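Okay, thanks for coming, everyone. Let me put the model up on the screen, and then I'll walk you through it.

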Amino acid sequence: MSASGSRDALAVGKEPSRKVPWSRAVKESRSAFTVAITSAFAFSTAILTAIIPIAVPLLLASHLSGAGLIAALAVSTTIVDTSPFSTNGALVLSNARGVDTRRFYRQVIGYTGGIVALGPVVAWGALVLPWS
């Protein structure tokens with residue numbers, strides 16, 4: 001099967017396989033993790049504009065849903081905006097009043113770690129896998 005696998009199957013009149021093996025889905029979801037981790041330390045909009053052109057080869061080499069992949073990448077970049085290392089997270093921390101700042105910082109770090117670990121998996125599972 002070539003890089004345009006599903007297009008080749010359609011060309012000869014066969015229905016392309018819609019199932020994505022779990023191991024392949026995990027490999028393909030690495031881009032969502034990369035985006036989430038990178039966005040935790042940067043401005044989400046800038047990361048999104050940089051990652052969409054990088055996703056094009058992944059889309060061309062697979063039968064993934066283009067809209068689903070871009071949506072999953074967008075979710076992965078923006079869900080980590082409360083990270084204390086990103087612009088929005090730094091603003092949240094600097095404007096916290098009446099709380100123990102060390103404890104609040106640890107809570108935000110914990111939330112960011114959890115959302116970076118789980119967010120891309122949920123986004124990929126909800127937005128890419130059902131349509132691929």
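Let's start with one residue, Val75. Leaving out residues up to four places away in sequence, Val75 touches Ala123 and Leu127, where contact means heavy atoms within 4.5 Å. You'll find Val75 in helix α5; helices here are DSSP runs of H or I with at least four residues, strands are E runs of at least two, and both are numbered from the N terminus. Is Val75 buried, exposed or partly exposed? It counts as partly exposed, because its relative accessibility is 29%; buried is under 20% relative accessible area, exposed is over 50%, and partly exposed is in between, with a 1.4 Å probe and protein chains only. Val75 and Leu127 are 52 residues apart along the chain, and their C-alpha atoms are separated by 9.7 Å.

Quick housekeeping before I go on. This is a predicted model, so local features need pLDDT of at least 70 and side-chain atom pairs count only at pLDDT 80 or more, while totals for chains, interfaces and linings use all residues. Residues are numbered from 1 along each chain as its sequence is written, and side-chain values use heavy atoms, with hydrogens and water left out.

Now the overall picture. The protein has seven helices and zero strands. Of its 132 residues, 33% are buried. If you take the contacts with a separation of 6 or more, 74% of them are between residues 24 or more positions apart. The exposed surface is about 7900 Å², and carbon and sulfur atoms supply 67% of that; the areas are Shrake-Rupley values with a 1.4 Å probe, and for residues only the protein chains shown count as cover.

Back to α5 and its partners. How do α5 and α7 pack? Their axes are 9 Å apart, at an angle of about 160°. The axes are lines fitted to C-alpha atoms, for helices over the stretch in contact, with angles running from 0 to 180 degrees between N-to-C directions. So α5 is roughly antiparallel to α7; the cut-offs are under 35 degrees for roughly parallel, over 145 for roughly antiparallel, 65 to 115 for roughly perpendicular, and oblique for the rest. α5 passes α7 in a right-handed crossing, meaning the near helix is turned clockwise from the far one by less than a right angle; anticlockwise would be left-handed. On the α5 side you've got Gly68, Leu69, Ala71, Ala72, Val75 and Ser76, and they meet Pro120, Ala123, Trp124 and Leu127 in α7.

Then there's α4. The α4 and α5 axes come within 10 Å and cross at roughly 150°, so these two helices are roughly antiparallel as well. Their crossing is right-handed. Residues making this contact include Ile47, Ile51 and Leu58 of α4, and Leu69, Leu73 and Thr77 of α5.

On to the inside. A nonpolar core here is a set of buried Ala, Val, Leu, Ile, Met, Phe, Trp, Tyr and Cys residues joined through side-chain atoms within 4.5 Å. The largest one has 13 residues, and those touching the most other members are Val35, Leu64, Leu69, Ala72, Leu73, Trp124 and Val128. Two or more residues each come from α3 (30–39), α4 (44–60), α5 (66–78) and α7 (101–127). Which helix gives the largest share? That's α4, with four residues.

Last stop, α3. Leaving aside neighbours within four places in sequence, Val35 is in contact with Ile47, Ile51, Leu73, Ser76 and Thr77. Ala32 is in α3 too, and it counts as buried because its relative accessibility is 0%. With the same neighbours set aside, Ala32 is in contact with Leu73, Ser76, Pro120 and Trp124. Ala32 and Val121 are 89 residues apart in sequence, and 7.9 Å apart from C-alpha to C-alpha.

Thr38 also sits in α3, and at a relative accessible area of 35% it is partly exposed. Its C-alpha atom is separated by 9.5 Å from that of Val80, 42 residues away along the chain.

That's my tour, so over to you.
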